[in-house]
Amino acid sequence: MIKKFFENRYFILFIFPFLIGSLTVLSFQPFNLTAINFLIIPLFFYLIVYISKKSHSVYRKKPYKINLFLFGLSFGFGFYLSGVSWIVNSLTFDDNFKILIPFGLIFIPLFLGLFIAIPTILIGPNLKLNFSSLIIFSATLAFSDYLRAKLFTGFPWNLWAYSTSWITEIIQILSHIGLYAYNLIVVTIFTLPIIILFKISNAKKILLLFSLILFILTLYIYGNYTLNKNKRFLATLENRELIKVISPNFELRYGLNEDEIEERLRKIIRYSEPNKEKKTLFVWPEGVFSGYSYNEILNFKELFKKSFSKNHFIIFGSNKLDLNSGRYFNSMLIVDNNLNIIDNYNKRKLVPFGEFLPFESFLNNFGLKKITEGHGSFLKGKANKNVVVDNFNILPLICYEIIFTDLIQKSKPETNLTVNISEDGWFGDTIGPNQHFAKSIFRAIENNTFLVRSANKGFSAIIDNKGNIVKKLDSNEAGSIEYEIPLIKSYKNKNDLIFFILLITYLFIFFIYKKNDKK
């Protein structure tokens, strides 16, 4: 029966790769079945070799490399359809965009699938069941993830590395080697079980598998040591500041009038429970004021003054007018109790179609606009700046900026806190908020600072500098959490040099083994 399926070209090139590609979603949050990748990735590798071989005989009627391309695209389509289909939930809030749901479900996964299809067609003809092929396969897959993170504004979502987000001990190596180097190592580890099919002695197979287990165990022991050492370190720190994170769980709605905005404001103030005698930094999520600009929020100045004291600072998201262009930024503001702006940050990584419309002047003719409230696209922030208030030197990340490790790498060395505000209501009750939150754990480790995250209808949390979740509010849970956070100066891997050193090392090993294979 199994042989019959494997001899069916359409099953091997379309159905089976789509199925195993779709199953990879189980390795990420909220499922965390990481072990499934030890089966799926070696199977993906084996089938490339199998199809390459069959293309010389059974599949000869079709152009040789087309088979590999279709196989890679089918796997990629399944991977991205199951992993990021939650994107289309954002199209359900405006009737004008519902017509784009099929486009989001089909064409976005197909386009992203090219980042798997193209590497498959490039390396597929040369892959064999040997160690040199394993090396070049891992390197190519990891490099493709790197390109996906950089090209066309970048979308580094669900790199293979993120399937280990729940194993805090293992991911401690992040702060030393960076995300993409770690992703390369993870891909290699997931691929290694394919050696059981190599034409080498059983002794070598056992030795390699034992080495794999020993390497994973070493990472775990090192991570456990790092976490225990950090716990003792945190206990000695006295420079702490009280931070309160609020998640109001507001419904995502357009066109709220001033009375409705005031009602929301009073509600989030109740959740904040400000103690006028206690020095506190309050962190509210993005989207609290539902498209209102800072100038319009000034109408509630007296309510701020009445509710808060000079001991308080409040962080929240708001539209901010650029006087030169008459257009708006999506901004993070820090204000005092008089609603005076102490500092602000303008979002740099805007969501395509969500916050800006590509080819806007052309697409406006068809009645299209950005998905978020308001007609025109947001302006893109130019400065990679921290926001500073009192003792805080904050790296600000608005919504999906949390997925970009380069914003961590480029942050100021004086950073002592990372703040992420988000409106996860766009994702609804999908797996989107879980995956979004997982990225926060990685960014905290990479920056070696505490990270506080306030998300409306998403996961709000306080995460320590090693990725441990100190306190958390679940998705769709309203309320607040507070903690006296030690302000730790950041220490980070500042570039992707280690990734490229590893990549070159892999290529060097590949050519050595390939030369030996020919002999």
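I185 is a buried residue, with a relative accessibility of 16%, and it counts as buried because that value falls under 20%. Keep in mind that this is a predicted model. You'll find I185 in helix α8, which covers residues 179-191. Leaving aside residues up to four places away in sequence, I185 touches I177, F215 and L502. If you want a distance to check in your viewer, take the C-alpha atoms of I185 and E446: they're separated by 16 Å, with the two positions 261 residues apart along the chain.

Stay with α8 for a moment and look at the nonpolar packing. In soluble globular proteins, nonpolar side chains tend to be buried together. The largest nonpolar core here has 117 residues, and Y182 and L417 are the members that touch the most others in it. Helix α8 is the top contributor to this core, giving 10 residues. As for Y182, its contacts beyond four places in sequence are A161, T164, I170, I171, I173, L174, I177 and F442. So what about the rest of the nonpolar packing? There's a second core, separate from that one, with 23 residues that include L265, I269, F282 and V288.

Now over to the strands. Which order do they take in the open sheet? Six of them line up as β5-β4-β3-β2-β1-β12, with mixed pairing. β5 and β12 (479-486) sit at the edges with a single partner strand each, so each has one side without a neighbour in the sheet. On average, and ignoring direction, neighbouring strands in this sheet are turned by 25° against each other. At the β12 end, β1 and β12 pair in the antiparallel sense, over eight bridges. One pair to pick out is K244, whose bridge partner in β12 is E482. Helix α10 lies across β1, β2 and β12, and it runs at about 135° to β1.

Next come the charged side chains. The model has 15 salt bridges, counting a Lys or Arg side-chain nitrogen within 4 Å of an Asp or Glu carboxyl oxygen. One of them joins K457 and E251, at 3.4 Å from N to O. These two come from distant parts of the chain, 206 residues apart: K457 is in the loop between β9 (451-456) and β10 (460-463), while E251 is in the loop between β1 (240-247) and α10 (258-272). Despite carrying a charged side chain in this salt bridge, K457 is buried, at 13% relative accessible area.

Another salt bridge pairs K279 with D390, and there the closest N and O atoms are 2.5 Å apart. This pair also links distant parts of the chain, 111 residues apart, with K279 in the loop between α10 and β2 (280-283) and D390 in the loop between β6 (387-389) and β7 (392-398). Buried or partly exposed: which is K279? It counts as partly exposed, at 36% relative accessibility, and D390 is partly exposed too, at 42%. The pair doesn't stand alone, since E241, K279 and D390 are linked in a network of salt bridges.

Finally, K349 and D406 form a salt bridge whose closest N and O atoms are 3.7 Å apart. K349 lies in the loop between β5 (341-346) and α13 (360-363), and D406 in helix α14 (residues 405-409), so this pair ties together parts 57 residues apart in sequence. D406 is buried, with a relative accessible area of 10%.

Definitions and conventions: Residues are numbered from 1 along each chain as its sequence is written. This is a predicted model: local features need pLDDT of at least 70, side-chain atom pairs count only at pLDDT 80 or more; totals for chains, interfaces and linings use all residues. Side-chain values use heavy atoms; hydrogens and water are left out. Helices (H or I, at least four residues) and strands (E, at least two) are DSSP runs, numbered from the N terminus. Buried means under 20% relative accessible area, exposed over 50%, partly exposed in between (1.4 Å probe, protein chains only). Contact means heavy atoms within 4.5 Å. A nonpolar core is a set of buried Ala, Val, Leu, Ile, Met, Phe, Trp, Tyr and Cys residues joined through side-chain atoms within 4.5 Å. Two strands pair if DSSP finds at least two bridges between them. Axes are lines fitted to C-alpha atoms, for helices over the stretch in contact, and angles run from 0 to 180 degrees between N-to-C directions.
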